[in-house]
Amino acid sequence: MMQPNTEVAYGLPAQASTLAGAYDTLFLSLTALCLFCLVLIAGAGVYFVYRYRYRGGEHQAVEISHNTTLEVLWSVIPLFVVMGLFAWGFKNFMDQLVPPKDALEVRVTGKKWKWTFEYPNGAQSADEMAVPIGKPVKLIITSNDVLHSFFVPSFRMKMDAVPNKYNVMWFQPTLEGPQQVFCAEYCGTDHSVMYAKIKVMQPAGYQQWLDAHAPVNDSDPIAHGKSLFEIKGGCNACHAIKSAAEQPQPVIGPRLHQLFGRKEKIQGQGELTVDDNYLRESIENPMAKIVEGFAPAMPPFKGRFTDKELGHLIDYIKSLK
Amino acid sequence: MTQYTPSSSEPGQRPPNFWNSSRGIASWLLTLDHKRIGVMYLAFVWAAFMLGGVFALLVRTELLTAGKTIVEADTYNQLFTLHGAVMVFLVIIPSIPASLGNIILPLQLGAKDVAFPRVNLASFYIYVIGALIAVYSIFSGAVDTGWTFYTPYSTTTNSSVSTMVLAAFILGFSSIFTGLNFIATVHRLRAPGMTFFRMPLFVWALYATAVIQILATPVLGITLLLLIAERVLHIGIFDPALGGDPVLFQHFFWFYSHPAVYIMIVPGFGVISDLISTFSRKAIFGYRAIALSSIGIAIVGFLVWGHHMFTSGQSELAGMIFSGLTFLIAIPTAIKILNWVATLYKGSIVLRTPMWYTLGFLWLFLIGGLTGLYLATMSLDLHLHDTYFVVAHFHYVMMGGTMFAFIGGLHYWWPKFTGKMYSEKLGNWACATAFVGFNLTFGSQFFLGVAGMPRRYYNYLPQYEPLHQVSTIGSYILGLGFFMTLICLLRSLSNGKDAGNNPWESTTLEWLTPSPPPVENFAGQPTVDRGPYDRHAGSGH
């Protein structure tokens, strides 16, 4: 295998997967072809304009109405060139799209504005995932709300996250260290900070990471609620859990610090005291009561949590003192 | 030889023309004259262009620094959406056909007017209503979906999507009416002796465009109606939460919007063909190849929409077919560029402002076309899709291509329909300024895209900041260039020299009649017995 190129070359990001090199070869070959065409055609244009510019007096233009040989030539030659390009692009595309059978499968879910990951052994994480270096990884990507797109520049890959549908993307990392993930399909307010990291690790480090992200069981309601809050719900993308001094952002949704028992002003409905029923309604059907000063932006989570999970989630919110 | 006898008039006195034939606001608002309707379209298109331009400059200013510069994220999302929607639906689609096309097409055919003058006026009012609704939507909670209105974001966001979508729906009818009118006019109202292959290439291009307009626009209309139905009546069509399919929307949307790309650029091809022949003082090279390649693009353009969806999870087989067909479009496009460059060969090239815009167009469109090859290559699209590379590519084609052709054509035909000559010096400086600004603004964005910068980003990582700053500075220069263009043209109305019938020694019919033309266009019926760019077959007049 070719040694991956870790430098940013020709403006392309570092090569961090087995297929990035093949991508760059095609990219740079096409760039050479385009530069050749650009120089040839623009050069001819500039030369003609200079050589045949009108210098006063009688116009000396020579009428040449057409040349069938030339027309055929400059139709057929580009046709062969682009068909070659098409075939090369299609071959690479299939390599990029079809994962090997032994790949590690990780489920990826996009939601406003968070990526969450779930491993075959149950390990869960948000906004970062770890993968062992040199092993093929298959991502099964979906979305909980609107369209997103999982984009890893250093792997030269992206795939849309479509609700109710699974799209597949795969890669075999060759470069240790964190790889940047962007959301590439516009998804609203925080689209431009919907980042994640893929940590490419040695096997030992990867195993440690997996253990640290083992699923939280439901025997401890608050710890379980915290996990649901951060990963399954992704609630911390919009709701801050500490005081404004400690955690200025995010403020898209109401701050949950010391929320339970507090009085909230509801748009068009006056004041109420936050209790269990208000919290449950605000999770399942947030449009019912919109707190003053906030936009009605939260998607309904009805059906997403079991009764037990809802209880633990509320226990966790109560614990934010 | 081509025959036409202009009416005689007293020397020193302006003969009656379509500007001074009748007076008062009502004579404009109720006019059936294609030239007056074209002029009104022109004014509205420029007003919309300035509005869309202000949105663009605000977007670029916000991107001057990696974090917040002037506005919040939600405002930024509205600004780029409004920029896109205004520029596509209110500026580029109507720009050349509805303004220059309306004014020039009947003149080039030797006709008195378009086939259906009342439908023409109706199309203008539909455009105005659509434009007003679009502007209203800005104040009623500006839309924040991107001009593509992708579901399910567009069916769930709280901004005024329905209003903006309704505006686009209404604007579609304006486009259909203009298309119908041009097709009927070309078939029924050509001057005696003007066969299809004696039509100027501008007419060919408008004809090809009109075919796309009337076949593709209804699909957009239906799609947008379905979107409104889903938002208002909660019928599940595209929103997965209601049992719909969001990718279906993309199919419907691009089934219109990819052909719409050709609605935007093909008229520009026509302008460039006329200009490059005129300013090379010789017939166009490969007339039939250019004429038929427009039709080829119009047909194949209907079959490539899936190339917008290589990363949507559509089947590999479908992707393969769409990629192959997309590459096929490169051929008629290459044929055009090569024929234009060949026209320069052994010409007598007169470097006036319209020709500078034409040469600018060739450079920008060449880059726009070549970078399209990257995106058609399925593998390369996986990295470049939804990055600034795409933004740069379509601006080179739509803005560099269409707008440079539009403004070049505007300078070319300005003396004809205003009777006034603009300042060549200011015109050249404006063109040069816009050209430099354009390449800085969008040239830098190719590099941003290759480096992985996604589009529609309010914040970005610090490594992208230098290129963003180059782009923003370029956008200010570009804005200045277009502002100079506007000043140049408007100033000529008060202090421009009289243009005379044919200041460019052009060969097409519109230059035989006085500038500005009389209401009936020609005093008698012109007849045609030669090709549109034929300088030597007969002495003519």
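Domain bounds here come from an automatic or database domain assignment, and they split chain A into domain 1 (104-212) and domain 2 (221-318). This is a predicted model, in which local features need pLDDT of at least 70, side-chain atom pairs count only at pLDDT 80 or more, and totals for chains, interfaces and linings use all residues. Residues are numbered from 1 along each chain as its sequence is written, with chains lettered from A and ligands numbered from 1 in the order in which they are written.

**Inside chain A**

The C-alpha centres of domain 1 and domain 2 of chain A sit 26 Å apart. Where they meet, 11 residues of domain 1 of chain A are in contact with six residues of domain 2 of chain A (contact: C-beta atoms, placed from the backbone, within 7 Å). On the domain 1 side, the elements that give two or more residues are strand S2 (114-118) and strand S3 (124-126) of chain A; strands are DSSP runs of E, at least two residues, and helices are runs of H or I, at least four, numbered from the N terminus. S3(A) has the largest share of that side, three residues.

There's also a hairpin to look at: strands S11 (263-266) and S12 (270-273) of chain A run antiparallel over four bridges (pairing needs at least two DSSP bridges). A:Lys265 faces A:Glu271 in S12(A). Three residues lie between S11(A) and S12(A), and A:Gly268 in the turn has a positive phi of about 75 degrees.

**Chain B against chain A**

Now for the contact between chains: chain B puts in 69 residues and chain A 71 residues. H10(B) gives the most to the chain B side, with 13 residues.

Here is the make-up of two contact sides and one helix contact. Ala, Val, Leu, Ile, Met, Phe, Trp, Tyr, Cys and Pro count as nonpolar, Asp, Glu, Lys and Arg as charged, and the others, Gly among them, as polar.

| Contact | Nonpolar | Polar | Charged |
|---|---|---|---|
| Side of chain B that touches chain A | 42 residues | 20 residues | seven residues |
| Side of domain 1 of chain A that touches domain 2 of chain A | two residues | four residues | five residues |
| H3(B) with H7(B) | seven residues | three residues | no residues |

**A helix pair in chain B**

The axes of H3(B) and helix H7 (201-233) of chain B come within 10 Å and cross at roughly 125 degrees, which makes H3(B) oblique to H7(B). Axes are lines fitted to C-alpha atoms, for helices over the stretch in contact, with angles from 0 to 180 degrees between N-to-C directions; under 35 degrees counts as roughly parallel, over 145 as roughly antiparallel, 65 to 115 as roughly perpendicular and the rest as oblique. Among the residues making the contact are B:Gly101 of H3(B) and B:Phe202 of H7(B).

Conventions. Two residues are in contact if their C-beta atoms, placed from the backbone, lie within 7 Å.
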